Amino acid sequence: MSVVGAICFGCGLLFVSLGAWPIFGFLGLDVLLVWYAFHRSYAQARQFEEVRVTPDEVVLTKVSERGARQEYRFNPFWVRLQVTRLEDEGVTALELTSHGRSVTIGDFLNPPDRASFASVFAQALASARGRRPSAT
């Protein structure tokens, strides 16, 4: 941020000396927008999800960027992983569903990572149920 700020400040002084003083304000706005983008990126990097699969239960813990925790518990014999695929994009959404209740999972993952997670989760769920994994 210091480098971006210094470059914009230097360029702003050049434009002020040439008589184009409004450019100085726009360069300051650029620095503010870059700072905001970094701030949001670092905040979103603090959120995560943890999935635990045991023969007794499936536990999904979601932790927001502010540290708020939500925990969802499912019976491994009743929970289903709903995978939404688009032909040209791959896996676009994952949901755990059970008894009319559904929870979105892995929103922050890219499509190949969602597909990988879906495969590993299906294997873990089949193992918890005590049988071979089914194709998802």
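These legends walk through a predicted model of one protein, view by view.

**View 1. The whole chain, from end to end.** Start with the overall layout: the protein has three helices and six strands. Following the sequence, you meet them in the order α-α-β-β-β-β-β-β-α. The C-alpha trace spans about 75 × 35 × 25 Å along its principal axes. As for the radius of gyration, the protein has 23 Å, whereas a compact globule of 136 residues would come in near 14 Å.

**View 2. The surface and the charges.** About 9300 Å² of the protein is exposed, and 58% of that comes from carbon and sulfur atoms. Buried residues make up 24% of the 136. There are 14 positive and 13 negative charges here, and their mean positions sit 7 Å apart.

**View 3. The largest nonpolar core.** In soluble globular proteins, nonpolar side chains tend to be buried together. Here, the largest nonpolar core holds 14 residues, and Phe-74, Leu-81 and Leu-96 are the ones touching the most other members. Which elements give two or more residues to this core? They are strands S2 (58-63), S3 (69-74), S5 (90-98) and S6 (101-105), plus helix H3 (111-129).

**View 4. Leu-81 and its contacts.** Zoom in on Leu-81, one of the core residues that touch the most other members. Setting aside neighbours within four places in sequence, Leu-81 is in contact with Leu-94, Glu-95, Leu-96, Ile-105, Ala-118 and Phe-121.

**View 5. Val-59 in strand S2.** Val-59 lies in strand S2. Is Val-59 buried or exposed? Its relative accessible area is just 2%, which is under the 20% cut-off, so Val-59 counts as buried. Leaving out neighbours within four places in sequence, Val-59 has contacts with Glu-50, Val-51 and Arg-52, and also with Glu-71, Tyr-72 and Arg-73. Gln-47 is 12 residues away along the chain, and its C-alpha atom is separated from that of Val-59 by 17 Å.

**View 6. Gln-82 in strand S4.** Now look at Gln-82, which lies in strand S4 (residues 80-86). Gln-82 counts as partly exposed because its relative accessibility is 41%, between the 20% and 50% limits. Not counting residues up to four places away in sequence, Gln-82 touches Ala-93, Leu-94, Glu-95 and Thr-97. One of these, Glu-95, is 13 residues from Gln-82 along the chain, yet their C-alpha atoms are separated by 5.0 Å.

**View 7. Contacts across the sequence.** Finally, take the contacts in the protein between residues at least 6 apart in sequence: 31% of them join residues at least 24 apart.

Key
Residues numbered from 1 in each chain as written. Predicted model: local features only at pLDDT ≥ 70, side-chain atom pairs only at ≥ 80, totals over all residues. Heavy atoms only, no water. Core = buried A, V, L, I, M, F, W, Y, C linked by side-chain atoms within 4.5 Å. Buried < 20%, exposed > 50% of the residue type's maximum accessible area, 1.4 Å probe, protein only. Helix = DSSP H or I, 4+ residues; strand = E, 2+ residues; numbered from the N terminus. Contact = heavy atoms within 4.5 Å. Rg over C-alpha atoms; globule rule 2.2 N^0.38 Å. Areas by Shrake-Rupley, 256 points an atom, 1.4 Å probe, with all protein chains shown as cover. Lys, Arg positive; Asp, Glu negative; His and termini not counted. Charge placed at Lys NZ, Arg CZ, Asp CG, Glu CD.
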